[in-house]
Amino acid sequence: MYTFQEIWGNQRLLQHLRIAVKNEKTSHAYLFVGGAGAGKRMIANTFAKYLLCSGRQEEACGICDSCRVFDSGNHPDVIHVTSEKKTLGVDEIRGQVLETVDIKPYHYAKKIYIIHQAHTMTVQAQNALLKTLEEPPSYAVFLLLAENEDAFLPTILSRTVTLKISPLSEEEISRYLIQKGLTTAEEAVFFAAYGQGRIGHALELIEDETFGQMRENILKQMSQLSSMKLADVLLLAKEWEIYKNDYRFLDIIDLWYRDLLVAKSLRDEGFLIQKDKKEMIFSAAKEPTEILAKKAAAVIKAKERLKQNGNFRLTLEVMLMELKENKT
Ligand SMILES: [Zn+2]
């Protein structure tokens, strides 16, 4: 668990961390920036374990006291700073960082604070942390995990080494999913595209049964749309109220038309994103490309309307009418 070898992509960033540890030139504070599911926690944990290992070579040894206790999840000198609220406030920083930072590590050379969702830190919380970042005890290392840098005070940014976690290519994610035996080769393409460069996001979707069911349901309805009566099509808007808080169903419809267009114009399954549904897609791709393009545009328009808080039912009814329309 937690080896550099397990991490896909971002090899330069990992090499930077590894060399810093080997040369004993680690900084007191790092800011890892990447979207949800990009691998921030994985990278921070791997770095922390390596930093604390007493028998490390190219990787943490996995057998020293520190490694063993790290793998158990109860390392006394690794503190995970979290909040149960939407923001990380000054109380959390005081209680979980400032009150303990002057106490020397229990057993090991370093004491590592991993601050989760650091981009949600309030200004007061950042100011409270700042003093410690300016004059940290020699043993303290802060790993701030954040989805973006915008929320930070310049004074915080100037005292941390910022490391940006790059998204992986869809091919890399596909290969990962197949190699780990998590999906078939055909499903992998879909989840990789949907994961938007973030393995964690793709993994979440694979495990999310709600998403799987939603996808099956929507694709079935989409494939039947042309043979349905307009009145029944409009009823879908009511049925979809179960997705009122989960607009991913529109992404699925969006992808459906994207793939219909590919099937119609290129006639090559190699370019489909939903390769696992290729039969369904090819048999539904009957309308002229201009009509399909118009329908794809209607889906995007509906997404935008909902984003601007448009009426859910009405927006979907308008969209469904356009999806049912067969004229350009
Ligand atoms: Zn070790």
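**Exercise 1. Determine how strands β3 and β4 pair, and place them in their sheet.**

Solution. Strand β3 (residues 111-115) and strand β4 (residues 140-146) pair in the parallel sense over five bridges, where pairing requires that DSSP finds at least two bridges between two strands and strands are DSSP runs (E, at least two residues; helices H or I, at least four), numbered from the N terminus. Within this pair, lysine 111 stands opposite alanine 140 in β4. The model is predicted, so local features need pLDDT of at least 70 and side-chain atom pairs count only at pLDDT 80 or more, while totals for chains, interfaces and linings use all residues. Residues are numbered from 1 along each chain as its sequence is written, and side-chain values use heavy atoms, with hydrogens and water left out.

Next, the open sheet has five strands in the order β2-β3-β4-β1-β5, with parallel pairing. Because β2 (78-81) and β5 (161-164) stand at the edges with a single partner strand each, one side of each is left without a neighbour in the sheet.

**Exercise 2. Describe how helices α14 and α15 are oriented and which residues join them.**

Solution. The axes of α14 (residues 289-307) and α15 (residues 312-324) come within 9 Å and cross at roughly 175°, with axes being lines fitted to C-alpha atoms, for helices over the stretch in contact, and angles running from 0 to 180 degrees between N-to-C directions. The two helices are therefore roughly antiparallel to each other, a term for angles over 145 degrees. Among the residues in contact (heavy atoms within 4.5 Å) are Val299 and Leu306 of α14, and Phe312 and Met319 of α15.

**Exercise 3. Identify the protein donors of the zinc ion and their spacing in sequence.**

Solution. The donors (N, O and S atoms within 2.8 Å of the metal, or 3.2 Å for Na, K and Ca) are Cys53 (SG), Cys61 (SG), Cys64 (SG) and Cys67 (SG), lying 2.2 to 2.4 Å from the zinc ion. In sequence these donor residues are spaced C-x7-C-x2-C-x2-C.

Definitions and conventions: Parallel < 35°, antiparallel > 145°, perpendicular 65-115°, else oblique.
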